[in-house]
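Subject: Structure handover

Hello,

Here is the structure I said I would pass on. My notes on it follow below.

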Amino acid sequence: MTITVAGAKKEVADGLSVAQLIIDENVETPQYVTVSVNDEFIAGGEFESTVLQDGDSVEFLYFMGGGQ
């Protein structure tokens, strides 16, 4: 199936979970990543159970703090 990851189309296996995609994409500091699928945020506890579908769009986001 084809999904879009960070703006790039990719062929991935059917039944791929968000958790496995994080591993496959070598996401840096996965414990701090926020994932959106089709512009909806996925709770960290749901990465294993969220199965991607053909045509899904996935973004990996990191929220940064800082400033004064």
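A6 sits in the loop that links β1 (2–5) to β2 (8–11). The model is a predicted one, and everything below should be read with that in view. The phi of A6 is near 50°, which is a positive value in a residue that is not glycine. As background, most residues other than glycine have a negative phi. With a relative accessible area of 53%, A6 counts as exposed, because the cut-off for that class is over 50%.

The two strands on either side of this loop run antiparallel and are joined by 4 bridges. One pairing to look at is that of I3, whose bridge partner in β2 is K10. Together β1 and β2 make a hairpin with 2 residues between them, and the residue with the positive phi, A6, is in the turn.

A second positive phi is found at N38, again in a residue other than glycine, with a value near 55°. N38 belongs to the loop between β3 (34–37) and β4 (40–42). Its relative accessibility is 41%, so N38 is classed as partly exposed, that is, between the limits of 20% and 50%.

In strand β4 there is E40. E40 is exposed, at a relative accessible area of 56%. From E40 to K10 the separation is 30 residues in sequence, and 20 Å in space from C-alpha to C-alpha.

Next, the loop between β2 and α1 (18–24). S17 lies there. Is S17 buried or exposed? With a relative accessible area of 10%, S17 is buried, because the limit for that class is under 20%. Setting aside neighbours within four places in sequence, the residues in contact with S17 are F47, E48, T50, V51 and L52.

On the surface, Y32, Y62 and M64 make a nonpolar patch of about 400 Å². M64, one of these residues, is placed in the segment after β5 (57–61). The relative accessible area of M64 is 72%, so this residue is exposed.

Now the chain as a whole. Its secondary structure consists of 1 helix and 5 strands. In sequence order the pattern reads β-β-α-β-β-β. The C-alpha trace spans about 45 × 25 × 20 Å along its principal axes. The radius of gyration is 12 Å, and for 68 residues a compact globule would come near 11 Å, so the two values agree.

Of the 68 residues in the chain, 35% are buried. The accessible surface comes to about 4600 Å², and carbon and sulfur atoms account for 48% of that surface. As for contacts between residues at least 6 apart in sequence, 55% of them join residues that are at least 24 apart.

If you want places to start in the viewer, these may serve:

- the turn of the β1–β2 hairpin, with A6 at a positive phi of about 50°;
- N38, in the loop between β3 and β4;
- S17 and its contacts, including F47 and L52;
- the nonpolar patch made by Y32, Y62 and M64.

Regards

Terms used
Residues numbered from 1 in each chain as written. Predicted model: local features only at pLDDT ≥ 70, side-chain atom pairs only at ≥ 80, totals over all residues. Heavy atoms only, no water. Buried < 20%, exposed > 50% of the residue type's maximum accessible area, 1.4 Å probe, protein only. Patch = residues over 30% accessible without salt bridge, like charges linked within 9 Å, V, L, I, M, F, W, Y side chains within 5 Å. Areas by Shrake-Rupley, 256 points an atom, 1.4 Å probe, with all protein chains shown as cover. Salt bridge = Lys/Arg side-chain N within 4 Å of Asp/Glu carboxyl O. Contact = heavy atoms within 4.5 Å. Pairing = 2+ DSSP bridges. Rg over C-alpha atoms; globule rule 2.2 N^0.38 Å.
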